[in-house]
Amino acid sequence: MIASIKGILVHKSPQYLIVDVHGIGYQVFTSLQSFYHLPEPKESVALHTYTHLREDTLQLYGFLTPVEREAFLLLMGVSGIGPRSALNILSGLSVGDLARAILEGDLRKLTSVPGIGAKTAGRLALELKDKMMGLSGHDEGVGDHSPLDTRQQRMIEDAVSALVNLGYH
C-alpha cells in the first residue's frame, strides 16, 4: 500500500493530479477541499494517500491532511460508498462540516452534496455517528477557512465545485 507520496506537482486539475516522484508520474485523485490548497505546478507537494486496488485498476487518492484521509476511509466503510463517492462528499463538505452534519443528524446538509440522496444521507448519519466523534475535534482540517478568508473566496470555491460536478473542466 502506498501511504504517502512526495514529489513535484506536474499536473493540477480538479479531476486529478500528476505527482512526479523521481521520474515516475503518479496520477492522484483528490477532493476539491485539498485541491484548493495545493501548490502551483512545478512546486513540491506531499500527500497522505489511500491506494485503491481492484482486479482491473490501481488508483491513488491523495489528501493534504491525515484527518481528511481518515474521514475518507470512514466514508468508504459505509455500504454503497466507494472511493469516488467518498471523494465527492469530501469535495462538497469540509471534514469539520461533515462531522458536524453527521453528529447533528443534519440530513439536509448531507443531501446538499451532489449524488447523495436521502437514503444514503440517512445511512451515513446512522453508521458514522459514533465514528465521527473522533474526527469532530479536528475541525481545523483542510477546507475549514479562517475568519480572514472572505465570503467571496467561498463563493468562488462553490462555483468551481458546482461546475466540476456538472462535468466541466
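## Surface patch

L163, L166 and Y168 together make up a nonpolar patch on the surface, and their combined accessible area is about 360 Å². The model described here is a predicted one.

Within this patch, L166 lies in the segment that follows α7 (151-165). L166 counts as exposed because its relative accessibility is 64%, and the cut-off for that class is over 50%. In soluble globular proteins, nonpolar side chains tend to be buried together.

## Nonpolar cores

The largest nonpolar core contains 30 residues. Within that core, F72, L75 and L98 have the most contacts. At least two residues of this core are supplied by each of β5 (57-63), α2 (66-76), α3 (83-92), α4 (95-104) and α6 (118-136). The largest share, six residues, is contributed by α2.

Once neighbours within four places in sequence are set aside, L75 is in contact with I81, A86, I89, L90, L98, L124 and L128. A second core, separate from the one just described, has 12 residues, among them V19, V21, F35 and L38.

## Confidence of the model

The protein chain has an average pLDDT of 86, and 88% of its residues score at least 70. Over residues 138-149, by contrast, pLDDT stays under 50. For this stretch, the model has 22 contacts beyond four places in sequence. Where pLDDT is low, the predicted coordinates should not be read in detail.

Terms used: Residues numbered from 1 in each chain as written. Predicted model: local features only at pLDDT ≥ 70, side-chain atom pairs only at ≥ 80, totals over all residues. Heavy atoms only, no water. Core = buried A, V, L, I, M, F, W, Y, C linked by side-chain atoms within 4.5 Å. Buried < 20%, exposed > 50% of the residue type's maximum accessible area, 1.4 Å probe, protein only. Helix = DSSP H or I, 4+ residues; strand = E, 2+ residues; numbered from the N terminus. Contact = heavy atoms within 4.5 Å. pLDDT = per-residue confidence, 0-100. Patch = residues over 30% accessible without salt bridge, like charges linked within 9 Å, V, L, I, M, F, W, Y side chains within 5 Å. Areas by Shrake-Rupley, 256 points an atom, 1.4 Å probe, with all protein chains shown as cover. Salt bridge = Lys/Arg side-chain N within 4 Å of Asp/Glu carboxyl O.
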